[in-house]
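Please walk me through this structure in the viewer, one selection at a time. Tell me what to select and what is found there.

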Amino acid sequence: MERDVFLGRVQAALRGDALPAPAASAAVPQVRFGDAVARFVEEARAVDAEVSRVNSNTALEAISRIFEAAKEFRYLAWDGLDDVLPGLADRLQQASYQRVDATVATDPEQRRADHARIGVVPLGITAADTAIAASGSVVLAHGNGRPRSASLLVDTHIVLLPVGRIVHSLADALEVVDLESTSNVVVVTGPSRTSDIESALTLGVHGPRHVHILLIE
Amino acid sequence: MTSQLTFRGRIQEAFTAGVPVAIETATRSRYQRRLAAAAAFPEMEATRDRARDIRSEALRNLDAYLGQFVDVTTERGGVVFFAADAAEANEYITELANAENVRRVVKVKSMVTEEIRLNTALEHAGVEVVETDLGEFIVQLAGETPSHIISPVLHKNRYDVAELFAAELGVEYTDDPAELNDIARKHLRERFLNADMGISGVNFAVAEDGAIALVTNEGNGRLSTTAPRVHVAVMGMERIVPTRADLAVLLEVLARSATGQKLSVYSNIVSGPRRAHEPDGPDQLHVVIVDNGRSATLGSSVAEILLCIRCGACLDACPVYRHVGGHAYGSVYPGPIGKVVTPSLFGLEEWHDLPAASSLCGACQDACPVRIDIPRLLVDLREQTVGHASRSIRTGLAAYSRLATRPRLFRLATRAVALFGRLWSQDGWLRRLPFLLPAWTRRREVPAPATQTFNDWWRKRGA
């Protein structure tokens, strides 16, 4: 149906004035925590994310431990992680860990081949653009050099989070998101979960089973 | 749209199948979880007021916000199609699938695609459709329909799923939910990575950003809108919110009302297809905006129902839903909200019996995050349905109205009923009613009538 005809039907229906009038409610009170960092840690752990409070040295140790525990050497990652955690690329290279290119082609056949290559990589490293104290969530804006797969196809998702990026609420986080230059922003609150079978909680349905947040002080 | 059975027949079937026990347990536990979540959030009431205002503001200027949404989405590379009805939506999507040589579609659970029967249309066109929400996947394997808006397999227990997986997927029998989950993960992962098209619904569309928000806990929403070349988002035209700040309010309200979570695991915001230089994501985004009866509802006396954000809270709160389960309603939209949505979208003539299945207790309105006055809407629909009622009901009502407008006759009749009632009762309860009334006591006991009528009591009191 043509846009004008479709919207014309809507306009005609609205002339009946059948909807309840807004009650002019006050804006939702802004959430402000005394200690947003402590709140973030508490909330993230409550949704089964693992949170380690680290500095730039112990962060590298923590990442190594996760790789060793997973007995893995391949990983997906965003570009520019060294800006968040200096020395990360060198460290991973020294340990002979291999970053797998996460670029997916447009051509259907090539795309399948790319998926076959990327889909088996069990570890992914990203850096949160912001994080939300109220819900323990991390916000990831995808785009150039920032593949979605690094937080999606992997079993274990490692998130670098400089402590200064924690904001109080979802509203605060969405306010600073840029949706013009990127096609996708995701707010991640803990590992993938379901309660579909007899309301029994299970982690790691389609997305990562483990979300490690490295909170860099 | 209806199943072969009547509403009454479907309720009978639900009781016979023993479904309600599972539903009763699950709905009660989630109802409790939701109350706890609301209690732990002091701003909940103010947030509900705000959410209601956002929804009504969006709908009162729906034409303008839809236009703005479409303009921005198009600017960002999305393709928009306006579908007047189910047939137009299905035709557009199946033609697109053919043009793009799509052999397999992965799908995110969505009420509007259930409503328009998109899967059937695609399968007719030779396209394989895989539901990827765990519950919806189970429902699809079993060849059934969902029984709850957010928990499609509320009616099944783990042993049902275990047997189904063993039979349909050729895996060894296990009834451990974690192992069943792993089986589904492995099976579906392969489907995601080899699908040509991903189809999702839309939880909210943000007018100012031309963006759509898609909420899941499992991650299938992200996978279906990332891996395939083509992403088709199907949205009921009322899903609009004006601004990003409004989106923040509604995402929180939705998560709290649906499951008692502070936020769902993945709040996925999509704005156009992948840009040049983005390493992954779909190359095409199509947004199909569906009317299918909504503009008629918008101009009707039950327009308020369009505020609904499809959280499912009213289902869990409803004593009727808890007893009969979702399938008894015979529609893709079950429960209190379904009793209004179904007749308003698909026609009151065919669905006139649904609004009657309510005691108007108001639990649904209490549970509704945007405070929809569902009891008022049900009464409104009932008024409209009088003409559709069966001859026996119309005759009965006419007889009652003659009785009720003649005071002496009415007094006589109530005394007679009280007398017979007491004669029939045991220990103050009526367990089995005679004549035309046995249905009343088939599944419940009715208190015996009082020894004196209200009128008698009132008169004595005054003397």
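Two residues are in contact when they have heavy atoms within 4.5 Å of each other. The model is predicted, and the tour starts with that idea of contact applied to chain B.

**Stop 1: chain B as a whole**

Select chain B and colour by secondary structure: 22 helices and twelve strands appear. The radius of gyration is 25 Å, close to the 23 Å that the globule rule gives for 463 residues, so chain B is as compact as a globular protein of that length. Along the principal axes, the C-alpha atoms of chain B fill a box of roughly 90 × 55 × 45 Å.

Now display the contacts within chain B. Among those with a separation of 6 or more, 72% join residues 24 or more positions apart.

**Stop 2: the surface of chain B**

Switch to a surface view. Chain B has an accessible surface of about 19,100 Å², and carbon and sulfur atoms account for 54% of that area. Of the 463 residues in chain B, 58% are buried.

Colour the charged side chains next. There are 54 positive and 55 negative ones in chain B, and the centres of the two sets are 12 Å apart.

**Stop 3: a buried serine**

Select B:S264, in the loop that runs between α12 (244-259) and β9 (266-270) of chain B. Is B:S264 buried or exposed? The relative accessible area of B:S264 is 8%; since buried means under 20%, B:S264 counts as buried.

Expand the selection to the residues that B:S264 touches, leaving out those up to four places away in sequence. From chain B, these are B:V215, B:T216, B:N217 and B:A255. A:T189 of chain A is also touched by B:S264.

**Stop 4: aromatic rings**

Show the rings of Phe, Tyr and Trp. Over all chains, the structure holds ten aromatic pairs. One of them is formed by B:F454 and B:W457, a tilted pair with 5.6 Å centre to centre and 40° between the planes.

Zoom in on helix α22 (residues 454-462) of chain B, where both B:F454 and B:W457 lie. The two are three residues apart, about one turn of the helix. How do they sit with respect to solvent? B:F454 is exposed, with a relative accessible area of 57%, whereas B:W457 is partly exposed at 39%.

Finish in chain A by selecting A:F67, A:Y75 and A:Y97, which together form one aromatic cluster.

How values were computed. Residues are numbered from 1 along each chain as its sequence is written. Chains are lettered from A and ligands numbered from 1 in the order in which they are written. This is a predicted model: local features need pLDDT of at least 70, side-chain atom pairs count only at pLDDT 80 or more; totals for chains, interfaces and linings use all residues. Side-chain values use heavy atoms; hydrogens and water are left out. Helices (H or I, at least four residues) and strands (E, at least two) are DSSP runs, numbered from the N terminus. The radius of gyration is taken over C-alpha atoms; the globule rule is 2.2 Å times the number of residues to the power 0.38. Buried means under 20% relative accessible area, exposed over 50%, partly exposed in between (1.4 Å probe, protein chains only). Accessible areas come from the Shrake-Rupley method with a 1.4 Å probe; for residues, only the protein chains shown count as cover. Lys and Arg count as positive and Asp and Glu as negative; His and the chain ends are not counted. The place of a charge is taken as NZ of Lys, CZ of Arg, CG of Asp or CD of Glu. Rings of Phe, Tyr and Trp (its six-membered ring) pair if their centres lie within 6.5 Å; planes under 30 degrees apart count as stacked, over 60 as edge-to-face and the rest as tilted.
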